[in-house]
Amino acid sequence: MQSIVNFLGAGGLAPHGYSLMWGSGLLWLNMLSDALIVLSYYSIPLAFLYFVRQRRDFPSPWLYNLLGLIVVACGTTHLLSVITGWVPSYWLNAVVKAITAVFSVAAALLMFRVIPRALKLPSPAQQDTEVKLAESEHRYRILVENSPFCIHEIDLEGRLQSMNRAGLNMLGLDNENKVCGLPYLGAVSEQDNGRIKALLQDAFNGTSSHFEFAAAGDVPLYFKSCFIPIKNADGKVVELMGLTEDITERKKAELELRIA
């Protein structure tokens, strides 16, 4: 029993109540302030716990646990300040402060590691923008895939990058991978190749164009198409967009009228 009393600091020491004069306003102001701080500090970790459980996707939840321990430890030091007003528990108070100091130093060191990572995380505004961009891209993809015209992209080397379902149907294909990487001019007949090649080069330089051409191959096919330069923020052409329509039936009708 005596060892416990010595540990609490009662060996020749008096509680704060003696030095602050029992019943004085100064004593009660300290006691009430510390008591309110204790209640507040003990409620904060509960808020942390609720937040972490509700947002399981939040990064570094262990950091909130550590901060919760620090807040509890700080609240306990104020609780001991209240107790010390009547019981001289100075050693216990010092031990709790030492534990609090260890937690605080650990958290301070970890914060320097966590903050640079946290700054790389997208802000709510950035996340909202990314969601809107994703929705916009989804709507664009739906429009492209359901268009009755062939919509395709051409890179700066003149090769096809993508093609929608209507375009694949025009070519009698069922897989976009069969056209991606193929040269655009490879689909143009020999007699039109030189003319379309010049228009393609103009498009790389930023000039749009509309044209008709005969397709390469033994089967006579005719298309009406265009080159639309796509530019970046600096005004530099980064790719071409094409919109193609099958006009074979129209060309056949024109030829029959000429013969007639």
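How many helices and strands make up the secondary structure of the protein chain? The chain comes to nine helices and five strands, where helices (H or I, at least four residues) and strands (E, at least two) are DSSP runs numbered from the N terminus. Along the sequence, these elements follow the pattern α-α-α-α-α-α-β-β-α-α-β-β-β-α. The model is a predicted one, in which local features need pLDDT of at least 70 and side-chain atom pairs count only at pLDDT 80 or more, while totals for chains, interfaces and linings use all residues. Residues are numbered from 1 along each chain as its sequence is written, and side-chain values use heavy atoms, with hydrogens and water left out.

Of the 260 residues of the protein chain, 29% count as buried. Here buried means under 20% relative accessible area, exposed means over 50%, and partly exposed lies in between (1.4 Å probe, protein chains only).

Aromatic contacts were examined across the whole structure, and five aromatic pairs were found. Rings of Phe, Tyr and Trp (its six-membered ring) are paired if their centres lie within 6.5 Å; planes under 30 degrees apart count as stacked, over 60 as edge-to-face and the rest as tilted. The ring centres of F211 and F227 are 4.7 Å apart and the planes stand at 50°, so this pair is tilted. The contact links distant parts of the chain, since F211 belongs to strand β3 (residues 209-214) and F227 to strand β4 (residues 222-231), 16 residues apart. F211 is buried, at a relative accessible area of 5%, and F227 is likewise buried, at 0%. Ring pairs also connect Y184, F211, F213, F223 and F227 into a cluster.

Charged contacts form a further group of features. Side chains of opposite charge can pair when their charged atoms come close. A salt bridge is taken as a side-chain nitrogen of Lys or Arg within 4 Å of a carboxyl oxygen of Asp or Glu, and the structure holds five salt bridges. One of them joins the side chains of R195 and D192, with an N to O distance of 3.2 Å. These two residues are three apart in helix α8 (residues 190-204), and are therefore separated by about one helical turn. R195 is partly exposed, with a relative accessible area of 40%, whereas D192 counts as buried at 14%.

Other salt bridges involve E212. The closest N and O atoms of E212 and R250 are 2.7 Å apart in one such bridge. Because E212 lies in strand β3 and R250 in helix α9, the pair ties together parts that are 38 residues apart in sequence. E212 counts as partly exposed at 27% relative accessibility, and R250 is partly exposed with a relative accessible area of 35%. The side chains of K251 and E212 also meet in a salt bridge, at 3.1 Å from N to O. This pair again links distant parts of the chain, with K251 in helix α9 and E212 in strand β3, 39 residues apart. K251 is partly exposed, with a relative accessible area of 25%. Through shared partners, salt bridges join E212, R250, K251 and E254 into one network.

Two surface patches were also identified. Patches consist of residues with over 30% relative accessible area and no salt bridge, like charges being joined within 9 Å and nonpolar side chains (Val, Leu, Ile, Met, Phe, Trp, Tyr) within 5 Å. Accessible areas come from the Shrake-Rupley method with a 1.4 Å probe; for residues, only the protein chains shown count as cover. A patch of negative charge gathers E245, D246, E249 and E256 on the surface. Both β5 (237-246) and α9 (248-259) supply at least two residues of this negative patch. D246 has its place in strand β5 and counts as partly exposed at 36% relative accessibility.

The nonpolar patch is formed by W28, L32, Y42, V72, L79, I83, W86 and V87, which together have about 680 Å² of accessible area. The elements giving two or more residues to this patch are α3 (25-54) and α4 (61-84). W28 is placed in helix α3 and is partly exposed, at 42% relative accessibility.

Finally, R165 has its place in helix α7 (residues 165-171) and is partly exposed, with a relative accessible area of 38%. R165 and V144 are 21 residues apart in sequence and 8.4 Å apart in space, C-alpha to C-alpha.

How values were computed:
Lys, Arg positive; Asp, Glu negative; His and termini not counted. Charge placed at Lys NZ, Arg CZ, Asp CG, Glu CD.
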